[in-house]
Amino acid sequence: MCKTIRITLAGLLAAALLLPLLCACTAAETEPDPDKLSIVCTDFPAYDFARAIAGDRAEILLLIKPGAESHSFEPTPKEILSIESCDLFICNGGESEAWAERLYRDGGIERRLVMMDCVETVTEEEKEGMYVRGEEDEEELDEHVWTSPVNAAAIVSAICDELCKLSSDDATYFRANCDAYRARLAELDSEFRRTVANAKHDVLVFADRFPMRYFTLEYGLDYFAAFPGCSGETEPSAKTVAFLIDKVRDEKLPAVLYMEFSNQKMADVICEETGCKKLPFYSVHNVTAEQLEAGLGYLDLMEINLKSLKEALG
């Protein structure tokens, strides 16, 4: 498979910075396989969807390392070179990836797929009780589009279409993988809908940030949370904690939810005050190194969410 590498200003600067490192490289380093597609993904959802569809027909690079904060990520010069020379760059889009848009406008990306362009987006919501520091002048799009399995299915199909264009010889393989993955997403979607339909409650309380708006919209659930989706805050006001405690009591909820990488302190306080349980809920924005090594993906973590949802809704 032939690749065209275009020289851009960003690429030249990156190459200049990397030259001493490249000269020091040893022959033991693994060379890219020219017979495989090269895909670069910014975040874990893009990476997980791409590896499910591409299988062994592509080499896939995940830029945001396991456990890292994705909202403040900026690529290194070496990573910019990888983006500029890959066959397909998959990013999420939105304010957190403004650097990717700049790189695209500068001509540094030849072929890209933006996950936020694959679905209908909504703005972040400041719900009653949330702790928000200062006043926001502009509404921001909620970037966590993949948290709805329905959206995930649309994104997976879009990735499959791009891969089929890049390698028509592998199209049958890609489409078979896509169909199988979408079938599992459909099963998951049905389970979520069944759970909500049979639940005692229709309200969730998140003692954390709230990156799950697409999920709650998809399944008709109400929610209350400590912070908006992409908030950088970690310590809520006493007023916010008291509000969430009152919500758990008023709604007689059996559980409060916390997101991955949470310190769980707020959830512990609410549990201590109300006697409810605390349960994990995954946005799948990123995973730990151990989860990545174990091969856990979007479907596995959403299965955990399904169990938590059944308990939290009663």
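Reader: Why are Arg 194 and Glu 191 separated by about one helical turn?

Author: Because they sit 3 residues apart in helix 6 (residues 171–197). Helices here are DSSP runs of H or I with at least four residues, strands are E runs of at least two, and both are numbered from the N terminus. Before we go on, this is a predicted model, where local features need pLDDT of at least 70, side-chain atom pairs count only at pLDDT 80 or more, and totals for chains, interfaces and linings use all residues. Residues are numbered from 1 along each chain as its sequence is written, and side-chain values use heavy atoms, leaving out hydrogens and water.

Reader: Okay, and what does Arg 194 form with Glu 191?

Author: A salt bridge, with the closest N and O atoms 2.4 Å apart. The rule asks for a side-chain nitrogen of Lys or Arg within 4 Å of a carboxyl oxygen of Asp or Glu. In general, side chains of opposite charge can pair when their charged atoms come close.

Reader: How many salt bridges does the count come to?

Author: The count is 18 salt bridges. Another of them joins Glu 162 to Lys 165, with the closest N and O atoms 3.6 Å apart. Those two lie in helix 5 (residues 149–166), also 3 residues apart.

Reader: Is Glu 162 buried or exposed?

Author: Glu 162 counts as buried because its relative accessibility is 14%. Its partner Lys 165 is exposed, at 57%. Buried means under 20% relative accessible area, exposed means over 50%, and partly exposed is in between (1.4 Å probe, protein chains only).

Reader: Which distant parts of the chain does the pair of Glu 273 and Arg 249 link?

Author: First the contact: their side chains meet in a salt bridge at 3.7 Å, N to O. Glu 273 is in helix 9 (residues 265–274) and Arg 249 is in helix 8, with their positions 24 residues apart in the chain. There's also a network, where salt bridges that share partners join Asp 56, Arg 57 and Asp 170.

Reader: Switching topic! How many disulfides does the count come to?

Author: It comes to 0 disulfides, using a cut-off of 2.5 Å between cysteine sulfur atoms. For Cys 41, the nearest cysteine sulfur belongs to Cys 86 and is 8.7 Å away. Cys 160 has the sulfur of Cys 164 as its nearest, at 4.0 Å, and is in no disulfide either.

Reader: Is Cys 41 buried or exposed?

Author: Cys 41 is buried, with a relative accessible area of 0%. Cys 160 counts as buried too, at 1%.

Reader: What about odd backbone angles? Which phi does Lys 252 have?

Author: A positive one, about 55°, although Lys 252 is not a glycine. Most residues other than glycine have a negative phi. Lys 252 lies in the loop between helix 8 and strand 7 (255–259), and it counts as exposed because its relative accessibility is 67%.

Reader: And where is Val 284 found?

Author: In the loop between strand 8 (277–281) and helix 10 (289–293). Val 284 also has a positive phi, about 65°. Unlike exposed Lys 252, Val 284 is buried, with a relative accessible area of 0%.

Reader: Last one: where is the place of Glu 251?

Author: Glu 251 is in helix 8 (residues 238–251). It counts as partly exposed because its relative accessibility is 30%.
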